[in-house]
Amino acid sequence: MAKGKAGQVQAEAALIVPKEVEEELTLLRGFRDLVAERTGYALGVIALNAEMKEATAEQRKASNEARKYLKQNIEVFVKNGDYEGYKQAVENVKKAGEALKEARKPHMAKITPLRRAIKYIDNVAVPQSLEQLGVKVQPAFSLSDWIKKAVESQKKRK
């Protein structure tokens, strides 16, 4: 067995990787790490959104009910000329919205930097990385076939 290992070491030593291939592998590894980082941020945003949704359920419900009440009773306010009732309903919507905004504030402080990082990676880092890899990024106005199929299969699952 020792003889086989020595032969294997010699074969590996004889293998010379061209510099261009080595550079491309380095760039591809960097691109892989960039995409992994972006995916991690996206998963973090999803987890934090779920946490925020759970924590602000009461405030969201109050805000939705206030808006629903205003929407359903707008005709009644107009027919009866009840400007004070309308003003009170609008004030309730505003108060409920502000309460929801305050409840969301600590969660959004965590989510916002992640979303900005995702946006930066999507708009700056990925295009630059692709450019370094020799891929010309151009605007696309139609979907490729495999994307169409993937989107359709996701719609069918839901």
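# Exercises: aromatic cluster, helix pair and cores

Tyr 69, Phe 77, Tyr 83 and Tyr 86 form one aromatic cluster. The model is predicted, so local features need pLDDT of at least 70, side-chain atom pairs count only at pLDDT 80 or more, and totals for chains, interfaces and linings use all residues. Residues are numbered from 1 along each chain as its sequence is written, and side-chain values use heavy atoms, with hydrogens and water left out.

**Exercise 1.** Classify the ring pair of Tyr 69 and Phe 77, and state how accessible each residue is.

*Solution.*
- Rule: rings of Phe, Tyr and Trp (its six-membered ring) pair if their centres lie within 6.5 Å; planes under 30 degrees apart are stacked, over 60 edge-to-face, the rest tilted.
- The ring centres of Tyr 69 and Phe 77 are 6.3 Å apart and the planes stand at 70°, so the pair is edge-to-face.
- Accessibility: buried is under 20% relative accessible area, exposed over 50%, partly exposed in between (1.4 Å probe, protein chains only).
- Tyr 69 has 42% and is partly exposed.
- Phe 77 has 8% and is buried.

**Exercise 2.** Do the same for Tyr 83 and Tyr 86.

*Solution.*
- Their centres are 6.5 Å apart, with 35° between the planes: a tilted pair.
- Tyr 83 is exposed at 53%.
- Tyr 86 is partly exposed at 32%.
- In sequence, Tyr 83 and Tyr 86 lie 3 residues apart in helix α4, or about one helical turn. Helices are DSSP runs (H or I, at least four residues), numbered from the N terminus.

**Exercise 3.** Describe how α2 and α4 pack.

*Solution.*
- Helix α2 spans residues 19–55 and helix α4 residues 83–132; their axes are 9 Å apart, at an angle of about 160°. Axes are lines fitted to C-alpha atoms over the stretch in contact, and angles run from 0 to 180 degrees between N-to-C directions.
- Angles under 35 degrees count as roughly parallel, over 145 as roughly antiparallel, 65 to 115 as roughly perpendicular, the rest as oblique.
- α2 and α4 are therefore roughly antiparallel.

**Exercise 4.** Which residues make up the largest nonpolar core, and which helix gives the largest share?

*Solution.*
- A nonpolar core joins buried Ala, Val, Leu, Ile, Met, Phe, Trp, Tyr and Cys residues through side-chain atoms within 4.5 Å.
- The largest has 7 residues: Ala 42, Val 45, Leu 48, Met 52, Met 108, Ile 111 and Ile 118.
- α2 and α4 each supply at least two of them.
- The largest share, 4 residues, comes from α2.
- A second, separate core of 6 residues includes Phe 77, Ala 89, Val 93 and Ala 96.

Notes:
Helix = DSSP H or I, 4+ residues; strand = E, 2+ residues; numbered from the N terminus.
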